[in-house]
Structure formats: structure tokens, C-alpha cells
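The following exercises concern the structure shown below. Please attempt each task before reading its solution.

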Amino acid sequence: MSNPSGASSSSIAGTITGPDGAALSSPAEIDASTPGESSRERGVTLRVVLLSLALAVFFGYVIPIVDLRMVNTFLGATHLPPGAVGALLMLLLVVNPLLRLLAKKLAFSRNELLTVYITCLFSTLVPGHGGENFFVSNIIGPFYFATRENKWFDIWREHLQPWFTPALTNTGEYNRALVEGWYVGLSGQQTIPWQAWLVPLFAWGAFIVALYTMLGCLSVMLRAQWGEHEALPFPLLRLPLEMTEDVDRADRYGMLGRFFRNPLMWCGFGIALFIQLVRGLNLYYPDVPTIPLELNTALYLTEAPWNQIEWTPLYIYPMAVGVTFLLTSEVSFSLWFFYWFIKLQYIAAYYLGFMPATLPRALGAEGKVFTSYQKIGVYLAYVAIVLWTGRHHFRHILRRALGRTPATAGERNEALSYPVAFWGFVLAFAFVLGWSVLAGVRLDIALAMWFCYLMIVIALARVVIEGGLLFVMQNWTPLGAMAQLANSGPGTWLSPANGLVPAAFIQSSVIFDLRSNIMPSFVQGLKLAHDRRINTRRLLALIAACTLIALAMSLWMNVRIGYETSGLKANIWFVDWGARLPANVTNDLINGANGASWLNAAWLGLGMLFTYGMMLARSYIPAFPLHPLGFLVSLSYPMHSFWFSILLGWLCKVSITRKFGGLDAYRKMIPAFLGLALGDVAAMLFWLIIDGWQGRTQHLFDAGLNEKLNEGLNGRGGIAMPVLNEQDKAFFEENGYVVARQVVPQETLDAVIAAIWEFLGMNPGDPDDWYRPPHVPNSMIEMYQHPAMWDARQSPRVHEAFADIYGTEKLWVGIDRVSMKPPVNPAHPKYDTDRGFYLHWDVDTSRLPVPFGVQGALYLTDTTEDMGGFQCVPGFHRGLEEWVKTQPADRDPRYPDPETLPPGMKVTPIPGRAGDLVIWNRLLAHGNGHNRSNRPRLAQYIKMAPARQDDEAARQSCIETWRERLRPGWAPGGPYGPEHEHGKTAELTPLGRKLVGLDLW
């Protein structure tokens, strides 16, 4: 394929202007200004090696803390990593000027600086979010979340090898202490069970190293084809190249290059920095007005057909706007155009009589079946075309590997000779394949899965290198696609007997989230080294060392953070939602795949034909505006995040090149847009330092990332993962209750707990203070409207759990209170005699049947069976009407006598962890027990019911109750209380506004 921009590979650095308006020198001219210097010798020097290794240790240690413990803006996780740019910025603006003051020859050369930047691409991506270290929580999380309801443990024990996970002992028994210790933290004199972790860490580490080797060898074989023969633009290399362009000069520009002296660069830099400084100040000081960079379009797209297009966020990322300005117009246009092309298909389906909201979703993928399989077809066709385009180059590599042809002059400058790269790739692929088979995956399934993986990483690397997307995700998975094309379950090809379970673990750990996949870094680093004449073989050895250090450090830190600070307090994606992925995949496929149909293959074929036609049009029509890259990432979280920023960058470029000065004006404006990206990075680094100093957590810097965390991935920006699966729902029907695990983050729980103690005016550390007024023996606290309670009520996963039970998302939230049940104490006998809350119904059972309804109790703290938490008579609701007929006429219709329960039924305590939500059918007899532990049990009661949007009086009553901070009508003491008199009306999220009735569903 030809390069759309028409730029040669040697022009990657581009041209910018100095403060006097003169064009800056080219790289060759700058090299010429330092006669006698060998660029090849000034790249991988001893001090660069030591500095790069030290940075690998630093990032391997710090990034897990930032990502997991602080849950703040990523230092890695993009292909223009803030950590790498920050290291380069520090060397350029602090270290090098100081070294030059001592002696000019001590300063780092341009090639040395770029070598450090290249190694930092790996040191920041490997240990961070979206890296392969994700397996740590994946191989223990499903065990932690296994319950008697979902019966996961039986599946894992039957199909997983002991060396595969530390959650299983050598005899196949559950290592409960190891798993629960990681999630809840160690106590007392307990130590990290490294001995049990050693074998799984070594096994998975070897597997990941083989993956990295495979990608590195593949990148060596692709470098010349993409970098020279096709001359792809590599837009993400522009910023480091421009920043370092004058470093080797002997004049004043060697101290501070013309890039940093350009007023336009500082204009862009200042705009981004100012915006992000103000937004950060608003977080610390809410009185400071913020600068909005996001718009919740769901508030406006409420009518058909626009309400059928699903999640369509509008965010502005200054860095993304700046990078987009560097792209070719057809690529940037295609990126945002195909995002809306998918949306327009939903609208078309609506007008054809197919409601997109009711159409089946693709398994393990973003979007509906008909759009998702089109995209998979684009992957197949586009990668095939990419490989076909380079067929002459790849044929030469094969002939070299077989000893049929000699090496060319250019091959001597490659990081590996082509025979070594080819056979290294083959051996690494064979190791990955053999490892998968050893784990229990059948050979042909493993082959299909890893061929899909290779197709995905090649396509995504191309998106980064040609499309400049800051991070990429495919948002479809091999197992889901294979299941909906060939079905799954017992007796099929993709069955538990053939290795479905270990395949689900492998896919979830290293294929599902490829945000930090390092193949783009390999190709970019090798391209940069080749063009700058850095010794690529020494560089590859240094990259390997940095990668191994960063990987080892991140695995060590990931295990430590769980045990030392409690995994439940870490990044909820890593420890909860993402850790459940193997279980969710297994649940989706183990008994047959929903939506399996030959029509899926037809949609896949349509995507392939569309891609081929598009590439054919690009070959024959010079001005053809569409590029398949846009379709590749159309259904993915990156495009949800970036589409509007890309649109803005495209509009800026088109406006300047076509209306305001042409190409000359465009070239002069490049520093301004690079400054926009650099200012964004500088602000990220600044706030990370401040947040670390102040102990601030969850300061997710970029627009929309907080929403992503709070929304989870329940149909928004990722694969839909219901809080309650089909097994949970079946358990609810059978037993009348179900536990929705980890629906509220720890910081929200902590806020509710603090509010309870403040409301009571009690000291939580003084047991003697727990029994005095205003507390009462029934443990109920008449607190209803505290903002922290509302944060729990409007938690998306709480709503999702109730929506899964009711079968509709259109719910209103009820107002209920909280509970603090102290331990039984002989000095306070009333706390041991409360019958009313021991076992009861919430309805009058003399008036059966009653409409279906549920209630919920959110565990604010870990609640064991002896703590007097929620208890019930499982299954009692199903035969309740028949049981009532056998009871005396004068029985209490609210309080059953435990002695008269049907045979086999008994009162059962339901333990849970902090953040778990118990939902029960209101016909189920339930209550609280007696707290026989030594610590108080705290809970918040939450209930939801289908919204009555046609009842305006009811809607206004709901709104008034929230706005005026009133108690519900059934509450003791009337509608008013201290919250009404002195409280603060809670702020509502967009979801909360719908739950209250302010906005209609």
C-alpha cells in the first residue's frame, strides 16, 4: 500500500519553525553540525544502560502503586506514555542543562536521549494498566467470588491445573487463606505466602516472556516493510523527535532547543496546562470553577431513534486533539466517521423495525451481533491485505530463514538477522501453544485462539503506527467469536472437556485488554533506532533487560499490594470486574452460546467485502476519503473516548490547510498542537506528584475516566458484564435471595460508615459508647438523606443488580435507612431480646398474593455468620400460600413462628463482604440475628422498584423527598428530622437523576 501522506521514512521528524520564523534544520543537518560524532556509538552507552535499568525499576515499582492503590492517572497505558515523555522532559530541561554547565561533552546526546525514551516505552507499559500482569488477579479472583449460588469453585477445581493458580493446592484443594488474604489483607503476624505463588508466577512469567519474544521477533520482520517500503507516518514519534532535535548543536540551541523557544508551542502548552490545572484545583477546592471537558449526551438523546445508539460520550482530550493534527486527513476523518457509521446502522435498524436495544449482543465483544461481526471481518480482511502487500518482503525473510538467499545490506542494521527473527518467532509461538495445551486447552482451539491474537496485535499496531491512536483495544475476543460462529458447550468443539475453562483464563489475562500491548513500542522503537542509526542489536538487548525488570517488579508489587493494603481497596477493574472475566466467559459459553447463528458468518463476510472494496477504491481513486483503520476501532472504548477529540483535530487541520493559509500555515501550526499534547502530559505529571504528596486517590486526570470507573463496563465502553448472571437469577428464583458481589467501591462504604458514627455522635473505637441513645436495640438508625447514602444508592452496579432482577433498567429508588448492630452485651440486655427484627415479612401475608417486589441490604463491613446480619429461610417464599393455609387463623401475618416452618427449612445467616448487596423477595421471611462477635455490624438498606413515569404525583413526591431531605411516609417520627433541618441535598449523577425521577428513562 502506498503512504497516504506521501512522506518518506526519513521525514518523520517533520519541520517546525523557530522563534524567528525560519525553518528548523533537518536531522541530517543537525548531525552535520557535530562533525566527527558517530551517532551509532552515542546511543546505547553505559550511562544510558544504567539510567534505563534504573528507570525500569522505578516505573515497575511506582506504576502499580499509581494504578492499583491510588487509582490515578496512568503513567503508562498509552503509546505516548506520560512516564516516558516526563523522563525525556526531565533530561532535556533539567539534567542536560546542568551537565552542560559542567562540561558540554557530559550532556546526553540526541541518540542517548531517544534510547532512554525507547526503553521507557516498555518500562511504562509492561507494569501498568492493560499489561500482561493482569493475570495476577485473574487466576485468584474467580475463586474469591465463587459462592454456593454460582458454583464456580466446582468448575475451577475440575478443569484447572494446580501449577496454573495459587488458589489450588497440589492436591486440588482450595487455598482459601491465600486468596482471601490477598483480597482482605493480612493481619497480625501473617506473612505473604510467596512459596505458594512461586510456581504460578514462574509459569505465567515464562509464558509472558515467550509472548514478548514472539512480538519482538515479529516486529523485527515488520520494521522494514512498514518503516521503509510503505513509509508509514509514525505520528506518535513526532513529539520526542521535535523535543530533541537541537540537542546535538554546539550553539545556544543545544541548551534549549528551538522547539522550546517557539511561542506557538508555548501557546498550545499553556492552553492545555491551564485547563488541567483549573480542573485539578476544582477537585481539591470545589469553590474553584471547573472547565468542563465532557458532555453526557445521554441526557439529550432520549427520544427514538437517537436513544438506540447506545453510549455516545463526548470528551475533549487536549493530547488527542494535538496528535490528530499530525495525521493524514483521510485517516483522522475515517476514525470519527466509522464511529458514527456504526451508530447510523443502529438508527437504520430502528427504522427497519428492529429495535437495536433488544437485538442480541456479541459475546465477549462490544456492540450488537450484526455490527461486531462486521468489525471482526474488517480485522480478517485488513490484516490479510497488509500481509499481502508485504508479500515480497516476507517471502525474502522466509528464504533467508531456509538458507535460500544471502543477507542484504539493509539486514545488517536490523536488531536481529531475519533467520534469527523468523525462527525465534516460530519457537516462541510453539512455546505459547505448548503452554496452552499443557494448561488443558485442546491444540486446535489453542491454534485458533493464538492466530486470532496475532491478527489482533498486527491490526492494533498498525492503528498506532498509522493512525496515532493513543491507546487501542479490539473489544472482541476469540472465544466469544468462535462460540457464536460454531457454538459451544457440552458435545461441541468449544466445550469444557476440550479446555474451555483454561482458555477463558488465558484469554481474560492476556488477550481481553490489549491497551498496553508492547508490539507498537517494538515497531516504533526499532524504526526510531534505524532512522537515527542507533545500534539496534544493543538496543534490543537493553529493551529485553528493561522489560524483564519491569515485569518482575510489577508482579512482585501486584502480589504485595493485595496482601499489605487489601486488594478490595485497589483498582476495582483489576481486583473485581476484570478479575471476574474468566468466570463470565465460562458462564456465557459453558452450556451453549447465546446468539450462535450462521448469520454471524454472513455479517463477518460483509465486513471483509467492505474492507476489500474500500482498499480497492483507495488504489484507484486518489482522493478516496475512507481508510479501514477507522472501522477496525469503531466499536472500542478508545473511540468512545476519543472520537470527539479526533473530530476537533481533523477540523483544525482541514480548516487551516483549506481555508487559512494552506500547507505552509499547517506546518507552522504543528508546534502549537505538539505543545497541546506536551502541556497535557506536564499537567498529568504535576497532579500525580501533588496527589502522591496529599494522598489523593481516584484523581483520574482525563475527562471521562472517572465515569468509566463508576459506570464499570456494564454496556459502556467495554464488554457488557451483568452483575447477576443467569445462574444467580436461577438461584434467586429458587431461594428468594441472591448476593450481588462488590457493587459499591470501598471509598463510598467508608463515607457511609463515617456518616453513621457522626449521626450517632459515637466513638467507633469505644465499645462502651455503642449502646446509648439515640441508638435503639433494633439497630435501626433514622438517617435517610445523607449524601454518602445517595452515593451508594446511585452506584451503577447497585442499579444494575436490581435491573437484573426486575428485567428492566427503568427503576426508581426508594428511601430507606441504615443499621448499626453492636455485639450482645450483658450490661445491655435489651440488645439480646429483640424479636421483631429476628424473623419477619415486609408485607401482610394474610392478603396474598401481593405484587412482586424486592428489597436489599448493602453490607458496609465484612459480615460473618455470627454478626447478626441478614438471615432468611431460603425457598420459603415459593410455598408460602400453601403454608399459610395450614396455619391457625390467629397467627401473626407479619412474624412467622420458626417452630412451624415446613420440613427441611431453617433460618440461615447470609454472610458477606463489605460492598456486597443482598437482594431478597419481599415474600421471603427474613430478619437480623444477634451479634455474637466483638465488633458492630453496619449496613445500609436500599430498595428499588419499576418507575411509574405516568404517575406525575408520585414522581413529584420522589423528587420532593430527595430535594427537601424528607423521611419516607412509613418512617417513625414524621417526615422531618435533623437531615431536613441541617443536612445538605445530595448531588445526583445522571443515573441518580433518573432513579429519583428528575429525568425520565
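**Exercise 1.** Determine which residues Arg 913 touches, not counting residues up to four places away in sequence, and decide whether Arg 913 is buried or exposed.

*Solution.* The model is a predicted one.
Step 1. Locate the residue: Arg 913 lies in the loop that runs between strand E9 (908-909) and strand E10 (917-921).
Step 2. List its contacts, for which heavy atoms must lie within 4.5 Å. Arg 913 touches Tyr 144, Glu 180, Arg 741, Gln 742, Tyr 859, Thr 861 and Asp 862.
Step 3. Apply the accessibility cut-off. The relative accessible area of Arg 913 is 17%, and buried means under 20%; Arg 913 is therefore classed as buried.

**Exercise 2.** Establish the strand order of the open sheet of 3 strands and identify its edge strands.

*Solution.*
Step 1. Read the order, which is E9-E8-E11, with antiparallel pairing.
Step 2. Find the strands that pair on one side only: these are E9 and strand E11 (926-928), the edge strands.
Step 3. Examine one pairing in detail. Strand E8 (residues 870-872) and E11 run antiparallel and are joined by 3 bridges. Within E11, His 926 is the residue opposite Cys 872.
Step 4. Recall the general principle: strands of a sheet pair through backbone hydrogen bonds, in either a parallel or an antiparallel manner.

**Exercise 3.** State which residues make the nonpolar surface patch of about 610 Å², and classify Leu 101 as buried or exposed.

*Solution.*
Step 1. Name the members: Met 90, Leu 93, Val 94, Leu 98, Leu 101, Met 255 and Leu 256 make the patch.
Step 2. Place Leu 101 in the secondary structure; this residue belongs to helix H3 (residues 82-102).
Step 3. Compare its accessibility with the cut-off. Leu 101 has 66% relative accessibility, and exposed means over 50%, so Leu 101 counts as exposed.

**Exercise 4.** Assess whether the radius of gyration of the protein chain agrees or disagrees with that of a compact globule, and describe the chain as a whole.

*Solution.*
Step 1. Take the expected value: a compact globule with 1001 residues would have a radius of gyration near 30 Å.
Step 2. Compare. The protein chain has 30 Å, and so agrees with that expectation.
Step 3. Add the dimensions: along the principal axes, the C-alpha atoms fill a box of roughly 105 × 65 × 65 Å.
Step 4. Complete the description. The secondary structure of the chain consists of 36 helices and 13 strands, and buried residues account for 61% of the 1001 residues. Of the contacts between residues at least 6 apart in sequence, 83% join residues at least 24 apart.

Terms used: Residues are numbered from 1 along each chain as its sequence is written. This is a predicted model: local features need pLDDT of at least 70, side-chain atom pairs count only at pLDDT 80 or more; totals for chains, interfaces and linings use all residues. Side-chain values use heavy atoms; hydrogens and water are left out. Helices (H or I, at least four residues) and strands (E, at least two) are DSSP runs, numbered from the N terminus. Buried means under 20% relative accessible area, exposed over 50%, partly exposed in between (1.4 Å probe, protein chains only). Two strands pair if DSSP finds at least two bridges between them. Patches are made of residues with over 30% relative accessible area and no salt bridge: like charges are joined within 9 Å, nonpolar side chains (Val, Leu, Ile, Met, Phe, Trp, Tyr) within 5 Å. Accessible areas come from the Shrake-Rupley method with a 1.4 Å probe; for residues, only the protein chains shown count as cover. A salt bridge is a side-chain nitrogen of Lys or Arg within 4 Å of a carboxyl oxygen of Asp or Glu. The radius of gyration is taken over C-alpha atoms; the globule rule is 2.2 Å times the number of residues to the power 0.38.
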